[in-house]
Amino acid sequence: MMDMAALYHRRKQQAQKEQQRYLKLLFNDHFVLFLFLCFGLAILALKQAVQTDAFATANRPYWYLALTGLALFFLHLGQLDTQLKQADAIFLLGAEEGLAGPYLREAWRHSLRLAFIWQGLGWFLMMPILLYLGWHGPSRYGALLLLLLAMKAVLLQQDYRQLFVQAGRPLPIGLRLLVGCLLCYLFFCLPELGQWVLACLLTIFAGWALYDGRTLGQSLSFERTLAQAGQYQQRRYAFYRLFAEVPKQTTVVKRHAALDVFLKALPFQKDPLQRLYWLSCFRAGEQGRLIVRLTLLLLCLLPFIQMTANWGWICLGAGFAYLLELQLLPIADRLNQVFWTRFYFVHPDRRRQAFARFARKVTGLAALLVTLVLAISQSFLAGLFFLLAACLTSYLWQQLYLPKKRSNS
Amino acid sequence: MKLLVHKLTGGYAGQPVLDQLSFELAGGQVVGLLGLNGAGKSTTFKHLVGERPVTAGMVRLVQSDGQVIDLAEQAATFRAQLAYIPEQPILYDELTLAEHLDLLLASHDCLDSAHQERVASLLKTFRLTGKEGWFPKHFSKGMQQKVMIVAAFAIDAPLTIIDEPFVGLDPLAQKALQRLMKARAAAGGLILLTTHQLALAEALLDQVILLEAGRVLATGSPAAVAAQQGLSESHFTDLFEQSGEAPS
């Protein structure tokens, strides 16, 4: 009988090798700069919060809300890593019981270990805020860690169940989010004893869920398992693609009805090169979605950001434009590699000019939108500083960084 | 051995393709699921191999010893009885040809000298000898299709499902594949395939199931199906001429 647990181990080792290669690509200047910026901003924000007495008792509900968001973010990390491949549905049909048994059990154990590391990291990041909120002594921190681990185990077990034919319908994502949100917020609001009771109850529930999972049958739902494995890989690549050019990546092509109306307004006859960049941005790959998400996130956060000095808005504008320009780079690379050379022979200078026009429009539109909200929610001056910083960063990126990058490549 | 499909209804999210599809096939024959594009041939196969869930209806395999295996209840046991060649070859990026075949044999618990000899013979038939150390991912479409065929015929599956077997194959490989299918059917296996090459189908198939809009339109030998469609026996290749005409 084939050793299916060993097969999972071999695949895991291969994936780890690939991951090491990607991590080397990821820790480039952009990602290090991003981490440095995030760390600096977090320290400054904490310092400012302490100075302005933001940790006062009256503000606690807002902090608990923020901590709930952080907990949910980390609960989302550490997905089920099955390492299943499309070809398994053909070449491993004869060993399906082994796949459903030792193989997936090994995958589950490995995923749980990784997921617990993520929860530990989230827990560690929450500690400074909780200290300022008056959580002294290790007891409450222990309860929080137990809660996070139990919640993650339940979530992972739910995903594991979905791989089998016998599984019922999964809980809607919205309901999962709501339950997670309520449990976390309730936990932060409870006194120490209540927190321990809640954490222990959830641990018992997690234990029951794990025990119940043992009764699952031996028939896999290949449709769901392969879709889950594909999504997991896509998410991994999407994360690496945020800051690095990932080789062997596959792009998902999608049409969005709302965007099609906008894209139709850009006829090929007028500026074909620029229209191709727009189409590639919003249909293929993650770039269009990432830019929209980044802009929406900033728009949602703006009313809550309090900056006493204008340099804060300048930094925010520069960082925002920097991230947008960084996201747009893979579009130019993708079209350079595939389209321009094979189907459409355009002089490199024309391509560069078209890309610069496209990037200016994307960054300009997003920055203008943020500026408008900033001018309304904060002050006209804050909006002006933000816009100027974004425009200057975009200009410097186009004039200094891109030519240097092209000459190196 | 017998394959029973009873009132199978299915398709994709919000788009039903199969409409209470029913047929019953005995082993020892090559059966063709024929129809125009969108008739439901590939969807039927996807349900049979478990790529799509059976939401309504029943799919059963009755083995020669009388044991009944229900796809919905014993999916793993059902799938262990079949070999499947999809329309587009699906291969591992990181495995060589030899590793693909070893993995397949190991998964069916038949990594023995007899099966390895059979693999060697199949590789020779499809002129893949000497390429065992190559990565099939880099092969042409036709070569990849040959890998899938070798894999399907390397194991003793009672039910072999093949979606468009002749696409991309050279004439020698097409003839070799026909011989293999006939031999497996003669040994008691059931071969279920789809094809649009009616001339090949006429010579190869023992039975035809004609599909239209997810339903069985006609069933029987190629000659009988041609007769049911108002055609003479020699005009089987004109099977879709009338239904394929654009409406005036």
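Two exercises with worked solutions follow, on chain A and on the place where chain A meets chain B.

The model is predicted, so that local features need pLDDT of at least 70 and side-chain atom pairs count only at pLDDT 80 or more, while totals for chains, interfaces and linings use all residues. Residues are numbered from 1 along each chain as its sequence is written, chains are lettered from A in the order in which they are written, and side-chain values use heavy atoms, with hydrogens and water left out.

**Exercise 1.** Describe the make-up of chain A, beginning with its helices and strands.

*Solution.* Begin with the DSSP runs, in which a helix (H or I) has at least four residues and a strand (E) at least two: chain A holds 15 helices and 0 strands. Turn next to burial, meaning under 20% relative accessible area with a 1.4 Å probe, protein chains only; of the 409 residues of chain A, 45% are buried.

**Exercise 2.** Work out how chain A and chain B touch, and find a salt bridge between them.

*Solution.* Count contacts (heavy atoms within 4.5 Å): 23 residues of chain A meet 27 residues of chain B. Then look for salt bridges, each a side-chain nitrogen of Lys or Arg within 4 Å of a carboxyl oxygen of Asp or Glu; the interface has 3 of them, including one that joins B:Arg52 to A:Glu223 at 2.5 Å, N to O. Finally, ask which parts of chain A take part: helix 1 (4–26), helix 4 (88–91), helix 5 (96–132) and helix 9 (222–241) each supply at least two residues of the side that touches chain B.

Conventions. Buried means under 20% relative accessible area, exposed over 50%, partly exposed in between (1.4 Å probe, protein chains only).
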